[in-house]
Amino acid sequence: MGVTSGLPYDLAIFDFDGTLADSGAVVLKLVNPMARIYGFKSVTDEEVEMLRGRPNREIIKYLGVSAWKIPIIAAHGKKLMAAEIGSIGLFPGVPDMLRALSAGGVRLAVVSSNSEATIRTVLGPDLAKLIDHYGCGASLFGKAKKFLKVIKTAGVRPGRVISIGDETRDIDAANALGLASGAVTWGYATRQLLVDHTPTVLLDAVEDIVASLAPQRAAAAVATA
């Protein structure tokens, strides 16, 4: 295992959609057309808002998605997302946040159900180079396995790793492996739902990530402002 730094964490594993990338509008655009193709329930804007406050398994049950169809739907969804790549951008502040963490000594990884090609394109070549490990194509409830593979490849102790995402399944996967969890409130799940799942840290702004993971960098930024 590698030598630990003086930072709270040596490795930060990020979710992509809803955490780094503002892809919510694209996802919602694709839901109802895919519902017609795969025979699950279409949703109204009001239902979308209501479902934001429910865990993923409840959402799947509400939509009437058969378990065996989930991998097929996910694969089709990745292709559709790739076709909409021009409509997907990073949340404001994400580029500076990733640069600050990397410069501050935190190693970075991305684990996502999205494709590595799409993620690299949205990040752009300079930011993509800052990501030490990619674990892409994770199944809806298969993030723990991807986390474990990234941690082993990185040679970092689980107690020195934090997972950062916008959904309860990110918290659940972290808990399953004894990792810390950071829940961002600007993504899909409601703030209250995330609070109810008791993440290690609740993150209400992109700037909070640097303050939590690399406090020295945050202090330096304030000092030079």
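Below, a biologist asks and a modeller answers about one protein chain.

Biologist: What kind of model is this, and which pLDDT do local features need?

Modeller: This is a predicted model, where side-chain atom pairs count only at pLDDT 80 or more, totals for chains, interfaces and linings use all residues, and local features need pLDDT of at least 70. Residues are numbered from 1 along each chain as its sequence is written, and side-chain values use heavy atoms, leaving out hydrogens and water.

Biologist: How many helices and strands are there in the protein chain?

Modeller: Both are DSSP runs, numbered from the N terminus: helices are H or I with at least four residues, strands are E with at least two. The protein chain has 12 helices and 8 strands.

Biologist: What is the radius of gyration of the protein chain?

Modeller: The radius is taken over C-alpha atoms, and the globule rule is 2.2 Å times the number of residues to the power 0.38. For 225 residues, a compact globule would have a radius near 17 Å. The protein chain agrees, with 17 Å.

Biologist: Is Ser163 buried or exposed?

Modeller: Buried means under 20% relative accessible area, exposed over 50%, and partly exposed in between (1.4 Å probe, protein chains only). Ser163 sits in strand 6, residues 161-165. Its relative accessibility is 2%, so Ser163 counts as buried.

Biologist: Which residues does Ser163 touch, not counting residues up to four places away in sequence?

Modeller: Contact means heavy atoms within 4.5 Å. With residues up to four places away in sequence not counted, Ser163 touches Ile13, Phe147, Asp170, Ala174, Ala180, Ser181 and Gly182.

Biologist: Where does Leu177 lie, and which residues does Leu177 touch?

Modeller: Leu177 lies in helix 9, residues 168-177. At 25% relative accessibility, Leu177 counts as partly exposed. Not counting residues up to four places away in sequence, Leu177 touches Ala144, Phe147, Leu148 and Pro158.

Biologist: How many Å apart in space are Leu177 and Ile209?

Modeller: In sequence, Leu177 and Ile209 are 32 residues apart. From C-alpha to C-alpha, the distance between Leu177 and Ile209 is 21 Å.

Biologist: What share of the 225 residues counts as buried?

Modeller: The C-alpha atoms fill a box of roughly 50 × 35 × 30 Å along the principal axes. Among the 225 residues of the protein chain, the buried share is 47%.

Biologist: What share of the contacts with a separation of 6 or more comes from residues 24 or more positions apart?

Modeller: These contacts are counted within the protein chain. Residues 24 or more positions apart account for 66%.
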